[in-house]
Amino acid sequence: DVAGTDEPVDADTDLLLTGLVDSLGVVVIVDWIEQELGIDIDPGDVILEHFQTIGLMLAYLRTR
């Protein structure tokens, strides 16, 4: 659920605006993705357009 609500987290939930993830959280997510998938993510690619929602993350990773 989204922090403090009964709303579920889905592919389109804004992780930053809901407070579920902050800037440090994005770094943790990127590190986890790199380790789990064995890929390197260019620091220039770590932008809101790629990491704001789970759906955007998946779309970005599909291009890799």
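Is L37 buried or exposed? L37 is exposed, because its relative accessible area is 52%, and anything over 50% counts as exposed. Keep in mind as we go that this is a predicted model. L37 belongs to helix α1, which covers residues 23-37. If you look across from there to L61, you'll find the two C-alpha atoms 9.8 Å apart, with their positions 24 residues apart in the sequence.

Stay on helix α1 for a moment and find V28. V28 also counts as exposed, because its relative accessibility comes to 52%. Now pick out E49: from V28 to E49 is 21 residues along the chain, and their C-alpha atoms sit 17 Å apart.

Let's go back to the segment before α1, where D10 is found. D10 is partly exposed, since its relative accessible area is 41%, and that label covers values between 20% and 50%. D10 has company, too: together with D6, E7 and D12, D10 makes up a patch of negative charge on the surface.

D14 is in the segment before α1 as well, but D14 is buried. What is the nearest side chain of opposite charge to D14, and how far away is it? That would be R62, at 18 Å, and D14 has no salt bridge. For a salt bridge, the side-chain nitrogen and the carboxyl oxygen would have to be within 4 Å, so a partner 18 Å off doesn't qualify. The side chain of D14 does have a polar atom 2.8 Å from the backbone nitrogen of L17.

Next, head over to the loop between α1 and α2, which is where D45 lies. D45 counts as partly exposed, because its relative accessibility is 23%. Try lining D45 up with Y60: the pair is 15 residues apart along the chain, and 9.0 Å separates their C-alpha atoms.

Past that loop comes helix α2, residues 48-51, and L48 is found there. With a relative accessibility of 43%, L48 goes down as partly exposed. Its C-alpha atom is 9.6 Å from the C-alpha atom of V26, and the two residues are 22 apart along the chain.

Between helix α2 and helix α3 (54-62) there's a loop that holds T53. Why does T53 count as buried? Because its relative accessible area is 9%, and the cut-off for buried is under 20%. So where does the polar end of this side chain go? A polar atom of the T53 side chain lies 3.3 Å from the backbone oxygen of A11.

Finally, have a look at helix α3, the place of L58. L58 is partly exposed, as its relative accessible area of 40% shows. L58 is part of a nonpolar patch on the surface, which also takes in V9, L20 and I54. Together, these residues have about 270 Å² of accessible area.

To put the surface side by side: you have a patch of negative charge that includes D10, and a nonpolar patch that includes L58. For the buried spots, go back to T53, with its side chain 3.3 Å from the backbone oxygen of A11, and to D14, with its side chain 2.8 Å from the backbone nitrogen of L17.

How values were computed
Residues are numbered from 1 along each chain as its sequence is written. This is a predicted model: local features need pLDDT of at least 70, side-chain atom pairs count only at pLDDT 80 or more; totals for chains, interfaces and linings use all residues. Side-chain values use heavy atoms; hydrogens and water are left out. Patches are made of residues with over 30% relative accessible area and no salt bridge: like charges are joined within 9 Å, nonpolar side chains (Val, Leu, Ile, Met, Phe, Trp, Tyr) within 5 Å. Accessible areas come from the Shrake-Rupley method with a 1.4 Å probe; for residues, only the protein chains shown count as cover. Lys and Arg count as positive and Asp and Glu as negative; His and the chain ends are not counted. The place of a charge is taken as NZ of Lys, CZ of Arg, CG of Asp or CD of Glu. Helices (H or I, at least four residues) and strands (E, at least two) are DSSP runs, numbered from the N terminus. Buried means under 20% relative accessible area, exposed over 50%, partly exposed in between (1.4 Å probe, protein chains only). A polar contact is a pair of N or O atoms within 3.5 Å; within protein, one must be able to donate a hydrogen and the other to accept it, and residues adjacent in sequence count only if both atoms are side-chain atoms.
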